[in-house]
Amino acid sequence: MKCYLCGCHLTKGKTTQDHVIPRTLWNKYRLFDYSNVHSYNVLPSCKRCNEDKDSSVLLLPLTSPSWWPAEAEQNRAHLVQPLQSLIRKLLQEDLEDDVKESLSAWLSSSMNYCDSIQTFN
């Protein structure tokens with residue numbers, strides 16, 4: 001098993017479960033029913049990455065790094081919609097311009113990603 005954030009191999013004492021979208025943000029922004037996506041929102045990570053990430057949101061890459069674990073690949077499609085919801089809400093907040101640009105760019109790319117996976121379903 002590999003950390004979905006850095007790709008390092010995980011060992012027994014080094015493995016944690018990271019919430020891709022932190023529960024605190026899920027509750028704050030009242031994203032849709034958490035129970036529907038909970039199992040997809042938790043991915044294996046190393047302790048260092050999980051602690052560094054803390055309660056921030058890292059946008060999932062829409063194309064997979066070569067080292068990405070299978071769990072992350074499978075879960076990405078299920079997490080794109082909740083991430084889009086969160087980003088739309090965050091964009092309404094008072095954020096720095098570069099942060100808004102990054103969020104907007106990811107949101108735009110994610111719409112194309114969703115279109116492409118619907119084409120193959």
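**Exercise 1. Find the order in which helices and strands follow one another when the chain is read along the sequence.**

Solution. Read along the sequence, the elements of this predicted model come in the pattern β-α-α-β-α-α-α. The chain therefore counts 5 helices and 2 strands, where helices (H or I, at least four residues) and strands (E, at least two) are DSSP runs, numbered from the N terminus. Residues are numbered from 1 along each chain as its sequence is written. Because the model is predicted, local features need pLDDT of at least 70 and side-chain atom pairs count only at pLDDT 80 or more, while totals for chains, interfaces and linings use all residues, and side-chain values use heavy atoms, with hydrogens and water left out.

**Exercise 2. Decide for Cys3, Asn41, Lys100 and His9 whether each is buried, partly exposed or exposed.**

Solution. Begin with the cut-offs: buried means under 20% relative accessible area, exposed means over 50%, and partly exposed lies in between (1.4 Å probe, protein chains only). The accessible areas themselves come from the Shrake-Rupley method with a 1.4 Å probe, and for residues only the protein chains shown count as cover.

- Cys3, in the segment before strand 1, counts as buried because its relative accessibility is 0%.
- Asn41, in helix 2 (residues 38–41), is buried because its relative accessible area is 0%.
- Lys100, in helix 5, counts as partly exposed because its relative accessibility is 28%.
- His9, in the segment before strand 1, counts as exposed because its relative accessibility is 56%.

For the chain as a whole, buried residues make up 39% of the 121 residues.

**Exercise 3. Identify the residues with the most contacts inside the largest nonpolar core, and say which helix gives the most to this core.**

Solution. A nonpolar core is a set of buried Ala, Val, Leu, Ile, Met, Phe, Trp, Tyr and Cys residues joined through side-chain atoms within 4.5 Å. The largest one has 20 residues, and Tyr4, Val20, Leu60 and Leu86 have the most contacts inside it. Next, look at the helices: helix 1 (23–28), helix 4 (70–90) and helix 5 each supply at least two residues of this core, and helix 4 gives the most, with 7 residues. Apart from this core lies another, of 5 residues, among them Cys3, Cys8, Leu10 and Cys46. As background, nonpolar side chains tend to be buried together in soluble globular proteins.

**Exercise 4. Locate the salt bridge that Asp18 forms, and state whether Asp18 and its partner are buried or exposed.**

Solution. A salt bridge is a side-chain nitrogen of Lys or Arg within 4 Å of a carboxyl oxygen of Asp or Glu. A search of the whole structure finds 1 salt bridge. Asp18 forms a salt bridge with Lys53, and the closest N and O atoms are 3.3 Å apart. The pair links distant parts of the chain, since Asp18 belongs to strand 1 (residues 15–19) and Lys53 to helix 3 (residues 47–53), 35 residues apart. Both Asp18 and Lys53 are buried.

**Exercise 5. Find how far apart in space the C-alpha atoms are for the pairs Asn41 and Leu79, and His9 and Pro69.**

Solution. Take Asn41 and Leu79, which are 38 residues apart in sequence: from C-alpha to C-alpha they are 6.7 Å apart in space. Then take His9 and Pro69, which are 60 residues apart along the chain: their C-alpha atoms are separated by 9.9 Å.
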